[in-house]
Amino acid sequence: EIRLKGSSLDLDALGICGTKAVVNNRRNTEHQWPDGIIDLTGLKNIDSSLHLSWDEVKCDRFAFEPVVVRMRVNHEGILIDEVKLSQSSGGYITTKGKIEDGETILGKFQVRWSDLALEQVVAESAARFIEMPLSGTSDISFSGKSIKQWVNSTDGHIRFVTKKGTIKGMD
């Protein structure tokens, strides 16, 4: 079992998100997903669990506090027991799921969010016009032996609801 706890993780500093990441994505409008074969057979010999937590994770103008990741790797594959991103406003996003190895790799994930402050996760130019706590669910699945196949086979549905939503600046 591996447990890691941190006070702050700045994904901008790692180049994962932020202005630099957005500029690189906009330049590459013909993005090609990797089509190399992913082999998970080595995971069948591993039996471990991983628990990561941070008091705060920053990504561009978004901050989640706290963030928790709990997952296991064993003969079944990669099991995501919980990924929870909490907002200071009280809203949160949780994810759980699994990636199973077999003739083809199968992935299934459930994403839930409750009272997510939508104005904190939409483009900054749109954020000033809305105030909207959003709740909902999403079930997503994919299959294949490469990331490209995973992306092309992604299927699922999204349901959401908002209460007390406001659109500002409309006449």
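Is Asn152 buried or exposed? Keep that residue in mind while you load this predicted model and colour the chain by secondary structure, which shows three helices and eleven strands. Followed from the N terminus, the elements run β-α-β-β-β-β-β-β-α-β-β-α-β-β. Taken as a whole, the chain has 171 residues, of which 30% are buried, and it exposes about 11,200 Å², with carbon and sulfur atoms supplying 55% of that area. If you display contacts between residues at least 6 apart in sequence, 51% of them join residues at least 24 apart.

**First selection: helix 3**

Select residues 147–153, which make up helix 3 and include Ile147, and then pick out Asn152, which lies in this helix as well. Asn152 counts as exposed because its relative accessibility is 62%, above the 50% cut-off for that class. Add Trp33 to the selection and draw the C-alpha to C-alpha distance to Asn152: the two residues are 9.5 Å apart in space, although 119 residues separate them in sequence.

With Trp33 still displayed, add Ile147 and Val151 and switch on the surface, where these three residues form a nonpolar patch with about 240 Å² of accessible area together. Within that patch, Ile147 is partly exposed, since its relative accessible area is 31%.

**Second selection: the aromatic cluster**

Now show the rings of Phe109, Phe142 and Trp150, which ring pairs link into a cluster. How many aromatic pairs are there? The count comes to two. Phe109 and Phe142 form a stacked pair, with 6.1 Å centre to centre and 15° between the planes. This pair links distant parts of the chain, as Phe109 sits in strand 7 (residues 105–117) and Phe142 in strand 9, 33 residues apart. Both Phe109 and Phe142 are buried. Turning to the other side of the cluster, Phe142 and Trp150 form a tilted pair, 4.8 Å centre to centre with 40° between the planes. Trp150 counts as buried because its relative accessibility is 17%, and Phe142 is likewise classed as buried because its relative accessible area is 13%.

**Third selection: strands 9 and 10**

Finally, select strand 9 (residues 133–144) together with strand 10; the two run antiparallel and are joined by eight bridges. To check the register, centre the view on Asp139, which stands opposite His157 in strand 10. Then display strand 10 by itself, residues 155–162, and colour by accessibility: this strand is hardly covered, and the count of buried residues among its eight residues is zero.

How values were computed. Residues numbered from 1 in each chain as written. Predicted model: local features only at pLDDT ≥ 70, side-chain atom pairs only at ≥ 80, totals over all residues. Heavy atoms only, no water. Helix = DSSP H or I, 4+ residues; strand = E, 2+ residues; numbered from the N terminus. Buried < 20%, exposed > 50% of the residue type's maximum accessible area, 1.4 Å probe, protein only. Contact = heavy atoms within 4.5 Å. Areas by Shrake-Rupley, 256 points an atom, 1.4 Å probe, with all protein chains shown as cover. Patch = residues over 30% accessible without salt bridge, like charges linked within 9 Å, V, L, I, M, F, W, Y side chains within 5 Å. Salt bridge = Lys/Arg side-chain N within 4 Å of Asp/Glu carboxyl O. Pairing = 2+ DSSP bridges. Phe/Tyr/Trp six-rings, centres within 6.5 Å; stacked < 30°, edge-to-face > 60°.
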